[in-house]
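Student: I should like a close look at a single part of this model. Please take me through that part and then through its surroundings in one connected account.

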Amino acid sequence: MAILKLEDDTILTDINDISQELAPLNIQLNRWAVGNDSQLRSLLAQDSLDEDKKEQVLKALDGYFNQLQQIAGYQSRDLIVLHPRVPNLDELMVKFDQIHTHADDEVRYVIDGEAIFGFVRPDGSQVELTVQKEEYINVPAGTEHWFHLTPARRIKAVRYFISTEGWVPQYTDKEIRLHRALA
Ligand SMILES: CSCCC(=O)/C(O)=C/O
Ligand SMILES: [Fe+2]
Ligand code: NI
């Protein structure tokens, strides 16, 4: 269940309240079921997945990718698997935990675990959104945002791409005011 933290420490959990606070950013937040396939569920329960198992997971969820392909021309998808035993996990995360934008929409489908997406709103205020399992988020291209793990340090998320360049950040050198203030 999504949780939104505002800069004044307000915590919102009602999806309508969250959508209202995110409306100026045109961020889409939906619930997408993973389903009851036992093989998929057993794969998602594993910490790490080799490339073959990642592809099995992606194929099992390609119904959503096919929809994105048809309605918006998405061309590729990959699977991010992060957990506490990933070597140099903190170093890996540094590139995400700085305010950046992408030329593509940032489209993520969390299928296990959770993570935090932070946003700079048009009025300059900052918010942090915890996105959890079976939640889909679409952050429009050009949105200033950052990303980090929760204390659980565990997420599996499908990333969908329109362009073929993959993950390219444009850093904006703004300070993550909210995160530091509440850390
Ligand atoms: C869960 S996807 C990893 C984070 C990412 O791709 C991104 O761009 C964060 O801002
Ligand atoms: Fe990003
Ligand atoms: Ni934070």
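**The metal site and its surroundings**

Tutor: The site of the iron ion (ligand 2) is irregular, with angles of 78 to 165 degrees among its six donor atoms. For six octahedral donors the ideal angles at a metal are 90 or 180 degrees. The site counts as irregular because an octahedral assignment requires opposite donors to be over 155 degrees apart and all other angles to lie between 65 and 115 degrees, and anything that fails the tests is irregular. The model is a predicted one, and the geometry described here is computed from it.

The protein ligands of the iron ion (ligand 2) are His 100, His 102 and His 145, each through NE2, and Glu 106 through OE, at 2.0 to 2.2 Å. Along the chain, the donors follow the spacing H-x1-H-x3-E-x38-H. Two of these residues can be placed with respect to the surface. His 102 has a relative accessible area of 7% and is buried; Glu 106, at 5%, is buried also, the cut-off being under 20%.

Glu 106 also leads from the metal to the interior of the protein. Leaving aside neighbours within four places in sequence, Ile 137 is in contact with Glu 106, and its other contacts include Val 107, Arg 108, Phe 117, Phe 119, Leu 129 and Val 131. Ile 137 belongs to the largest nonpolar core, which has 27 residues; together with Leu 22, Phe 119 and Leu 129, Ile 137 is among those that touch the most other members. At least two residues of this core come from each of α1 (15-22), α5 (89-94), β6 (106-120), β7 (126-132), β8 (135-139) and β10 (155-161). The largest share, four residues, is supplied by β6. Apart from this core lies another, of 21 residues, including Val 34, Phe 65, Leu 68 and Val 81.

Two loop residues deserve attention for their backbone. Most residues other than glycine have a negative phi. Glu 134, in the loop between β7 and β8, has a positive phi, near 70 degrees. Asp 173, which is not a glycine either, has a positive phi of about 60 degrees and is found in the loop between β11 (170-171) and α6 (177-182). Their surroundings can be set side by side: Glu 134 is buried, with a relative accessible area of 17%, whereas Asp 173 counts as exposed at 74%.

Technical notes:
Residues numbered from 1 in each chain as written. Chains lettered and ligands numbered in written order. Predicted model: local features only at pLDDT ≥ 70, side-chain atom pairs only at ≥ 80, totals over all residues. Heavy atoms only, no water. Donors = N, O, S within 2.8 Å, 3.2 Å for Na, K, Ca; no water. Tetrahedral: all angles 85-135°; square planar, octahedral: opposite > 155°, others 65-115°. Buried < 20%, exposed > 50% of the residue type's maximum accessible area, 1.4 Å probe, protein only. Core = buried A, V, L, I, M, F, W, Y, C linked by side-chain atoms within 4.5 Å. Contact = heavy atoms within 4.5 Å.
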